[in-house]
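Here's a quick tour of a model with more than one thing to look at. Have the viewer open and follow along.

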Amino acid sequence: MRLRVLFFLAFFGSAALRPCRATTLVRLSLEQLSQASTHVVRGHAVRQESRWNPEHTRIVTLTTVAVDQVIKGRGASTVVIEQLGGTVGHIKSYVPGTVRFFPLTDYVLFLEPSASNPSRFLIVGMRQGAFRIYRDAMSREERVIEPLGKFLSSSRRREAPAKTAAPTAPLAEFRQQVAEAVSTPLAIPSGSMFPVAINSTEPRGAGRVRVMGRVISTVYPSPSAVIPAGSSIEGTAELVADVWTIRWTELSVRGARVRISATSEQPRGSSLSGKVFVVSVR
Amino acid sequence: MRRSRSLRVRGSLLFAATIASAAFCALLLFAYNPEQDNVNGPVPARWQGSATTWSLNPSTGTNVHTNGGDTISAAVTKGFDTWQQTLLNGQRINNLTVTPGPTTILTDPNSADCVNILSFVPSSAVSFPTGTIAFTDVVSAFGSPPTNYQCSTLPGLQTCSLPSCLIDADIIFNPVEQFYTTATTPPTAFDVQAVATHEIGHMLGLDHSGIAHSMMYPFGDTTAAIQERTLAVDDVAGIAFLYPSTSFSTLTGVISGQVTLGGLGIFGSHVIAIDSASGAAVIDGMTDLQGNYKLIGLPPGNYNVLALPLAPDINSGIFILDDFAGWSCGYAGPSENSPPCCDPATNISCTGTPLSNPTNYTGTFF
């Protein structure tokens with residue numbers, strides 16, 4: 001109960017901007033798409049297969065994408081993207097928001113590993129993370145189509161009203177924006193709060209332990225930041241007057257490490273492992 | 001408003017004609033975007049008999065907060081009632097029946113059991129891309145009727161007597177997002193009833209809408225603490241289109257016509273009926289291969305029809321429905337920062353910033 005109250009207070013107290021027309025998707029900025037991705041690639045679909053899973057409970061579509069260019073992440077010649085849904089025979093399973101790939105068509109894709117099968121990838125933000133590329137017939141210029149009509153603006157400009165009905169942009173301009181987003185360090189604003197669970201501890205001398213945990217809810221501390229669930233966090237716990245004081249020092253989001261300053265307390269008694277805290281960043 | 005009035009939208013539309021494959025055609029014929037299958041042409045998928053049942057798994061994790069708010073069951077039930085009981089000008093125009101079944105212990109989507117579940121506690125076998133609040137796995141059986149299909153929980157073969165039948169739909173909430181049932185929701189969390197109502201729209205056969213203030217819009221940019229739980233006209237018309245009552249055709253109208261450029265029909269144009277008084281986008285749709293469109297289920301009133309380009313060029317890169325949903329004007333509320341869909345030059349009640357492109361759509365269409 002106390003934890004739930006803390007969650008409530010934490011989230012009400014946060015200055016984070018979030019879409020509140022709650023539907024299927026959180027609208028992610030280019031910065032957030034980049035942060036949540038382990039890989040950002042340009043590629044094209046070379047094979048696609050929809051099939052029932054071995055338990056015959058779900059239809060899954062696997063799309064093999066040939067990677068033409070790596071913008072973020074380690075190089076790979078192909079990636080396999082997993083999406084729920086597909087058509088097998090006269091049965092169609094459809095999850096609104098999923099991407100329908102077209103053959104011989106290039107995309108810029110924001111990818112993260114599937115939690116259930118890390119050798120496969122998910123598209124970050126579902127359809128938001130797949131930018132289809134086409135070549136303008138008149139100018140011969142390569143352009144990208146903004147998924148779902150979202151505008152090619154960073155979060156800082158997303159308040160601008162619609163100025164065009166054709167949500168496309170030159171690929172070169174988009175690439176520049178992506179490059180900037182990928183290279184921009186993740187910044188966690190002061191006052192950000194997120195729940196973490198301690199996974200393990202290591203002794204560091206008398207009354208001191210190193211603590212390692214993970215973030216247990218996806219948090220959007222600002223329009224240009226996201227902390228996906230599962231991100232790791234580290235700190236040091238010190239026992240003083242029968243109270244553990246944990247000083248959180250580092251957060252790791254998709255391999256990008258961010259220094260943070262936050263403190264949690266826990267009365268001595270039971271093990272720190274498994275304990276859940278709401279971390280408030282100073 | 002006269003019904004079934006054909007329009008021919010003329011004028012110097014800015015965009016070029018597109019040539020599309022028949023495969024794309026299946027995606028583009030209807031307003032409010034029903035989920036569709038292709039059976040000798042696009043057909044919307046529906047529940048047979050305009051009826052279905054649902055079962056809630058009442059288990060929740062620590063990410064679901066009900067203190068001071070509804071129970072999960074109450075919030076979800078309100079979501080179903082919203083669709084079933086919705087009225088247009090005080091009249092019910094759909095004949096949908098959704099019935100709560102017994103609670104379930106099922107946690108994961110199962111496309112083969114013909115049991116429609118809502119679960120807040122999916123197993124680790126279910127993956128959610130970052131940014132996903134919830135999803136609905138909607139399963140249909142399609143083909144020239146009758147089509148037989150199997151349900152793992154039922155003996156023998158089942159029969160679909162429609163070109164496309166919805167046979168299973170499971171709604172799964174992301175266990176790493178925060179959900180509340182209170183009337184106001186913290187800015188980093190989501191309202192169970194609002195999310196459920198959107199997902200139930202999928203369960204009943206609706207895809208995402210391009211109108212920003214509709215329930216079926218895929219997402220928004222507001223920071224309002226109160227999340228929308230009610231339907232827009234686009235949603236009301238959409239569900240009535242799928243499950244019409246006898247009064248649907250008498251209480252609503254149709255605007256149909258053709259979008260042309262240089263005498264040729266324009267495929268894939270986004271067409272929106274805009275309330276001429278308020279400037280609010282009411283119902284949208286897209287043109288077919290011949291440039292024809294039909295906006296079905298409009299309440300009585302006067303409308304402007306706006307045609308927008310979806311095609312960036314003549315020969316390649318045409319937009320399809322997957323690329324679409326860029327409609328961001330016409331939101332009447334204070335929290336969605338979008339202009340009304342109107343032209344101040346011709347409408348003195350238009351107070352917002354008009355669309356700048358295309359600006360030269362011509363005429364007022366009724």
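What follows goes from the core to the domains of chain A, then to one helix, and ends with chain B.

Keep in mind that this is a predicted model. Start with the largest nonpolar core, which has 148 residues. The members that touch the most others are A:Leu109, A:Ile123, B:Ile239, B:Ala273 and B:Val282. Take A:Leu109: leaving out residues up to four places away in sequence, its contacts are A:Val41, A:Gly43, A:Val65, A:Ile123, A:Gly129 and A:Ala130. So A:Ile123 turns up both as a contact of A:Leu109 and in that list of core members with the most contacts to other members.

Chain A is assigned two stretches for domain 1, 2-13 and 189-280, with domain 2 covering 30-183. Where they meet, 7 residues of domain 1 of chain A contact 9 residues of domain 2. The domain 1 side of that contact is made up of 5 nonpolar residues, 1 polar and 1 charged.

Now for helix α3 of chain A, residues 171-183. Its 13 residues reach 18 Å from first C-alpha to last, close to the 18 Å expected at 1.5 Å a residue. Which of its residues are buried, and which are exposed on the other side?

| Set in α3(A) | Residues |
|---|---|
| Buried | A:Leu171, A:Phe174, A:Val178, A:Ala181 |
| Exposed, other side | A:Ala172, A:Glu173, A:Gln176, A:Ser183 |

Looking down the axis of α3(A), the buried residues fall within an arc of 85°, so they line one face of the helix.

Finally, chain B has 5 helices and 21 strands. Of its 366 residues, 57% are buried. Among chain B contacts between residues at least 6 apart in sequence, 72% join residues at least 24 apart.

Definitions and conventions. Residues are numbered from 1 along each chain as its sequence is written. Chains are lettered from A and ligands numbered from 1 in the order in which they are written. This is a predicted model: local features need pLDDT of at least 70, side-chain atom pairs count only at pLDDT 80 or more; totals for chains, interfaces and linings use all residues. A nonpolar core is a set of buried Ala, Val, Leu, Ile, Met, Phe, Trp, Tyr and Cys residues joined through C-beta atoms within 7 Å. A residue is buried if 20 or more other C-beta atoms lie within 10 Å of its own, exposed if 12 or fewer, and partly exposed in between; C-beta atoms are placed from the backbone. Two residues are in contact if their C-beta atoms, placed from the backbone, lie within 7 Å. Domain bounds come from an automatic or database domain assignment. Ala, Val, Leu, Ile, Met, Phe, Trp, Tyr, Cys and Pro count as nonpolar, Asp, Glu, Lys and Arg as charged, and the others, Gly among them, as polar. Helices (H or I, at least four residues) and strands (E, at least two) are DSSP runs, numbered from the N terminus. The expected span of a helix is 1.5 Å times one less than its number of residues. The arc is that of the directions from the helix axis to the C-beta atoms.
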